[in-house]
Amino acid sequence: KCMGPPAVLELCVLFFPGLVCPLEVSVSSGSIQVARGQTAVLPCTFTTNAALTNLNVIWMVIPLSNANQPQQVILYQGGQIFGGAPQFYGRVGFAVTMPTTSASIFINNTQLSDTGTYQCLVNNLPDRGVRNIGVIGLTVLVPPSAPLCRIQGSLDVGSDITLTCSSEEGIPRPTYLWEKLDNVPKLPPTATQDQVQGTVTLRNISTVSSGLYQCVASNAIGTSTCLLDLQVIAPHPRSIGLIAGAVATGAVVLVVCIVLVAVALFYWKNKHKEEEEEEIPNEIR
């Protein structure tokens with residue numbers, strides 16, 4: 001019986017065909033990423049010294065969405081291929097005609113639910129596997145969906161507002177970049193932007209702040225945009241007239257008050273003077 005590292009195992013297979021050698025499974029990559037809707041190929045090969053008449057290959061997956069419920073993906077046993085969980089029907093198959101020492105599989109039209117940890121388990125008696133399981137991770141990537149742009153706050157001149165942007169879908173999580181399409185620089189110097197949360201805060205807005213704003217949501221496999229037409233509300237001319245009229249009225253009232261006070265003081269002084277002039281003769285008498 002042959003035991004040892006892969007190089008020794010290969011020598012066992014080549015030079016000692018009559019011996020029972022340990023079956024060895026290997027995968028060429030620890031993880032694979034694929035865009036949703038594309039085809040994923042999960043590699044799995046093995047070495048064995050025995051004929052492939054008793055070959056048994058089973059693929060299992062531990063879904064990211066439910067790690068407590070492993071699912072069968074596909075099975076090769078007794079010269080036949082059997083399907084796995086219903087979600088894989090019609091989408092999964094062996095990449096090479098079985099039986100062979102390549103147990104790689106493909107998954108067509110990948111879905112977000114396909115993301116998980118996959119296990120390739122191989123048995124081929126009389127060879128016994130020391131490391132007969134290969135593990136590979138699959139991540140299905142999703143481009144950002146069309147983001148939703150909103151305005152939070154009052155659009156009156158002098159107000160502070162926040163522009164928000166978010167996509168319902170996107171793996172990996174999208175980042176967001178706001179810019180004003182008709183302005184250089186793209187945003188006012190006082191603007192505060194959070195590219196993770198997708199927000200930008202504009203302070204003390206004016207009519208100059210009005211214009212078309214764009215939010216770009218992006219991740220490793222795609223981008224998506226939304227537009228927002230921001231129109232700052234300027235004070236109405238009538239309101240300005242009312243304010244000016246109120247100021248003018250207040251000024252007139254103030255002038256009238258000052259005149260009345262002056263007249264009252266003048267009257268009081270004259271009356272006080274007359275009383276003093278009447279008192280002097282009386283004192284002389």
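# Close-up views of the predicted model

**View A. The W178 pair in the β15-β18-β19 sheet.** W178 has C215 as its bridge partner in β18. The model is predicted, and local features require pLDDT of at least 70, side-chain atom pairs count only at pLDDT 80 or more, and totals for chains, interfaces and linings use all residues. Residues are numbered from 1 along each chain as its sequence is written, and side-chain values use heavy atoms, with hydrogens and water left out. Strand β15 pairs with strand β18 (residues 211-219) over six bridges in the antiparallel sense; two strands pair if DSSP finds at least two bridges between them. Strands (E, at least two residues) are DSSP runs, numbered from the N terminus. The order β15-β18-β19 describes an open, antiparallel sheet of three strands. Its edge strands, β15 (175-180) and β19 (222-230), each pair on one side only. On average, neighbouring strands of this sheet are turned by 20° against each other, direction ignored; the axes are lines fitted to C-alpha atoms, and angles run from 0 to 180 degrees between N-to-C directions.

**View B. The β3-β9-β8 sheet.** This second view shows three antiparallel strands that form an open sheet in the order β3-β9-β8. The edges are β3 (40-42) and β8 (92-94), each of which pairs on one side only. From one strand to the next, the twist averages 20°. Three bridges join β8 to strand β9 (residues 105-107) in the antiparallel sense. Within β9, I105 is the residue that stands opposite F94.

**View C. Strand β5 and its two antiparallel partners, β10 and β6.** Strand β5 is largely enclosed by the rest of the structure, because seven of its nine residues are buried; buried denotes under 20% relative accessible area, exposed over 50%, and partly exposed in between (1.4 Å probe, protein chains only). Nine bridges connect β5 with β10 in the antiparallel sense. Opposite V61 stands Y118 of β10. With strand β6 (residues 71-77), β5 shares six bridges, again in an antiparallel arrangement. N56 has Q77 as its bridge partner in β6.

**View D. The largest nonpolar core.** A nonpolar core is a set of buried Ala, Val, Leu, Ile, Met, Phe, Trp, Tyr and Cys residues joined through side-chain atoms within 4.5 Å. The largest one holds 29 residues, of which L42, V57, W59 and Y118 touch the most other members. Strand β5 (residues 55-63) contributes the most to this core, with four residues. Apart from this core lies another, of 17 residues, among them W178, L187, C215 and A217. Residues touched by Y118 include L42, W59, F88, I107 and L138, with residues up to four places away in sequence not counted; contact means heavy atoms within 4.5 Å.

**View E. The buried side chain of D127.** D127 is located in the loop between β10 (116-124) and β11 (129-131). With 3% relative accessibility, D127 counts as buried. A polar atom of the D127 side chain lies 2.5 Å from the backbone nitrogen of N49. The same view includes the backbone nitrogen of A50, which the side chain of D127 reaches at 3.0 Å. A polar contact is a pair of N or O atoms within 3.5 Å; within protein, one must be able to donate a hydrogen and the other to accept it, and residues adjacent in sequence count only if both atoms are side-chain atoms.

**View F. Salt bridges, of which the structure holds five.** A salt bridge places a side-chain nitrogen of Lys or Arg within 4 Å of a carboxyl oxygen of Asp or Glu. In the pair R131 and E24, the closest N and O atoms are 3.0 Å apart. This pair links distant parts of the chain, 107 residues apart, with R131 in strand β11 and E24 in strand β1 (residues 23-26). R131 is partly exposed at 43% relative accessibility, whereas E24 is buried at 13%. D114 and R91 also meet through their side chains in a salt bridge (2.9 Å, N to O). D114 lies in the loop between β9 and β10 and R91 in the loop between β7 (80-83) and β8, so the pair ties together parts that are 23 residues apart in sequence. D114 is buried, with a relative accessible area of 0%, and R91 counts as buried at 10% relative accessibility. In the salt bridge of D182 with K180, the closest N and O atoms are 2.9 Å apart. K180 is buried, with a relative accessible area of 4%.
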